[in-house]
Structures are given as structure tokens and as C-alpha cells.
Amino acid sequence: TMEKFNQVKNGMTLKEVSDIMGSEGTQQSSSGTGKYKVETYKWDGEQFQFVSVVFMGGKVYSKVQANLK
């Protein structure tokens, strides 16, 4: 939901985001190591809804959503 999406803030860990979203999500990509490691996770909803979060060094760096209400 948009409410959950809005709770996700830069600097959060994957565990914090997963707790908000209600699941761990699906890893879409991973590259680099240590503080330069970049990972993208996606949470899919109904009717083409999704949230995608980019983590850099284990912390939220950016987020996007589509079709949330």
C-alpha cells in the first residue's frame, strides 16, 4: 500500500523494510561489495502494483512504486 511505501525511508536496512512490507521481497540484482554493494529488491502486489527498493551498503538508497493506492 502507499501507506507502507511512505514508511520506507533512506538509511533503513532490508530487515526494517521487510518488516514494514510484510515479507522479504525478491532480490532483482546485486553488484559490488561492502559499502559499495548495490542490491535491488522488489515487492509485487495485485494488478501490476509493485515497490522496488535499492539498497547501497545495506541501507535504503532509493525507492519507486507503481499503481499503489
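Here are a few exercises on the predicted model above, each with a worked solution.

**Exercise 1. Work out which secondary structure elements the protein has and in what order they come.**

Start with the count: there are 2 helices and 4 strands. Then walk along the sequence, and the pattern reads α-α-β-β-β-β. Next, ask about overall size: the radius of gyration is 11 Å, close to the 11 Å from the globule rule for 69 residues, so the protein is as compact as a globular protein of that length. To finish, look at the C-alpha trace, which spans about 35 × 20 × 15 Å along the principal axes.

**Exercise 2. Trace how strand β1 pairs with strand β2.**

First, mark the two strands: β1 covers residues 26-31 and β2 covers residues 38-44. They run antiparallel, joined by 5 bridges. Now pick out some pairs. At T26, the residue standing opposite is K42 in β2. At S31, the bridge partner in β2 is V38. Then turn to the hairpin itself: 6 residues sit between the strands, and G32 takes a positive phi near 80°.

**Exercise 3. Carry on from β2 and find out how it pairs with strand β3.**

Begin with β3, which is residues 50-56. The β2 and β3 pairing is antiparallel too, with 7 bridges. Go back to V38, the partner of S31 in the previous exercise: on the β3 side, V38 stands opposite M56. The hairpin here has 5 residues between the strands, and Q47 has a positive phi near 50°.

**Exercise 4. Describe how much of the protein is buried and what its exposed area is made of.**

Take burial as under 20% relative accessible area. By that cut-off, 28% of the 69 residues are buried. Then take the outside: about 4,600 Å² is exposed, and 51% of that comes from carbon and sulfur atoms. For the contacts, keep those between residues at least 6 apart in sequence; of these, 30% join residues at least 24 apart.

**Exercise 5. Count the charged side chains and say how far apart the centres of the two sets lie.**

Tally each sign: the protein carries 9 positive and 7 negative side chains. Then find the centre of each set, and the two centres turn out to lie 6 Å apart.

Notes: Residues numbered from 1 in each chain as written. Predicted model: local features only at pLDDT ≥ 70, side-chain atom pairs only at ≥ 80, totals over all residues. Heavy atoms only, no water. Rg over C-alpha atoms; globule rule 2.2 N^0.38 Å. Buried < 20%, exposed > 50% of the residue type's maximum accessible area, 1.4 Å probe, protein only. Contact = heavy atoms within 4.5 Å. Areas by Shrake-Rupley, 256 points an atom, 1.4 Å probe, with all protein chains shown as cover. Lys, Arg positive; Asp, Glu negative; His and termini not counted. Charge placed at Lys NZ, Arg CZ, Asp CG, Glu CD. Pairing = 2+ DSSP bridges.
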